[in-house]
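Good morning, colleagues. Please take a moment with the sequence and the structure on the screen before I begin.

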Amino acid sequence: MDFIPMPSTADVLGVLIAIFSVAIAAASSYYFVSRKPKGCLDPQKFKEFKLIKKTQISPDVARFRFSLPTPKSVLGLPAVTYVLCRGKDSEGQEVIRSYTPITLDSQVGYFELVVKMYPEGRMSHHFSEMREGDYLAVKGPQAFKVPFNYKPGQVRAFGMIAGGSGITPMFQLTRAILENPKDKTIVHLIYANTTFEDILLKEDLDDFARKFPDRFKVYYVLSKPPEAWTGGGGHVSKEMIQSHCPPPAPDIRILRCGPPGMNEAMTAHLNALGYTSSMQYEF
Ligand SMILES: Cc1cc2nc3c(=O)[nH]c(=O)nc-3n(C[C@H](O)[C@H](O)[C@H](O)COP(=O)(O)OP(=O)(O)OC[C@H]3O[C@@H](n4cnc5c(N)ncnc54)[C@H](O)[C@@H]3O)c2cc1C
């Protein structure tokens, strides 16, 4: 009969220590990989966020930066969702309206809203009165009425047609696409406004176009352009859509977000150009 040598206590201990170390390493790497920062929003309950910066970016639009509880906190906002904000109108009555943050969870410690203020607007009154140091009640995230369900690479290209403050959901989605190096989607944005001063987030949009020339293109259209304007003039036309949006195809989508009249006109143009309803989406 062969003699099978018994392992020594030192050998057994060595093996046990090795197994233990591997288990600890696996558990800690799982902990760090799976430990995504928790979002600060609650879809059921309004929570207060402090305004830390208010910047006027056009005659009637301001950019509001709110701080999150810690410099490492994230808002907890998936791309293509929005939040509800609660405030008081000029008569002290409570008012709740929807806003689309232009930041995502890649911006830590703060989030930003771009808000157009209308002279008679109830929530506009609240935002115009807000000063740095004030708090805003925010609830979310909320999904758009026709769910968008953005997934990286879900289409080959997006055409986006935005008017005025309708830029906010387009900006949020564009940021999500461009910040993800694995998402190869191409974005063609047509952005319409009245005057040059009305163009919102122009610096940020031009910055995207400079940094991602193969993935993002923007074409500005002004109904009252200044002299020596190289962008489009008048209203967004069928010809502009043909030149600056991807042509109809099953793997493209055209998104629109603007005032009701503009959305109606764009729907008519898109239908006439052969974009089927499944190729179109309105925020
Ligand atoms: C999902 C969603 C996301 C939104 N995201 C943003 C955003 O990121 N930024 C932003 O600025 N707005 C956004 N809005 C619009 C916002 O919710 C409010 O409707 C807007 O701020 C006006 O609210 P108010 O209470 O000041 O005006 P209200 O008191 O509701 O309206 C009073 C008057 O204001 C004028 N007015 C209001 N809205 C418009 C309009 N769209 N076009 C022309 N005149 C108008 C009209 O004269 C109206 O009679 C979003 C809306 C939705 C549905």
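By class, the shell around the ligand holds nine nonpolar residues, six polar ones and four charged ones. I should state at once that this is a predicted model. Of the 19 residues around the ligand, the nearest are Tyr118, Gly121, Met123, Ser124 and Thr168. Two or more shell residues come from each of three elements, namely β4 (94–99), β5 (110–116) and α2 (122–129). Domain 1 (47–143) and domain 2 (157–282) each supply at least three residues to this shell.

I turn next to the antiparallel sheet. Six strands make up this open sheet, in the order β4-β3-β6-β1-β2-β5, and their pairing is antiparallel. Strands β4 and β5 each have a single partner strand, so each leaves one side without a neighbour in the sheet. From one strand to the next, the twist averages 40 degrees. Six bridges join β3 (residues 81–88) to β4 in the antiparallel sense, and Lys88 has Glu94 of β4 as its bridge partner.

Which strands form the parallel sheet, and in what order? The order is β10-β9-β8-β7-β11-β12, an open sheet of six strands with parallel pairing. At its edges are β10 (232–233) and β12 (280–282), each paired on one side only. Strand β11 (residues 252–257) pairs with β12 in the parallel sense over three bridges; there, Ile254 has Gln280 of β12 as its bridge partner. Helix α3 (residues 167–178) packs on this sheet and touches β7 (157–163), β8 (186–193), β9 (216–222) and β11. The direction of α3 makes about 160 degrees with that of β8.

Thank you for your attention.

Methods. Residues numbered from 1 in each chain as written. Predicted model: local features only at pLDDT ≥ 70, side-chain atom pairs only at ≥ 80, totals over all residues. Near = placed C-beta within 6 Å. Helix = DSSP H or I, 4+ residues; strand = E, 2+ residues; numbered from the N terminus. Nonpolar A, V, L, I, M, F, W, Y, C, P; charged D, E, K, R; others polar. Domains from an automatic or database assignment. Pairing = 2+ DSSP bridges. Contact = placed C-beta atoms within 7 Å. Axes fitted to C-alpha atoms, helices over the stretch in contact; angles between N-to-C directions.
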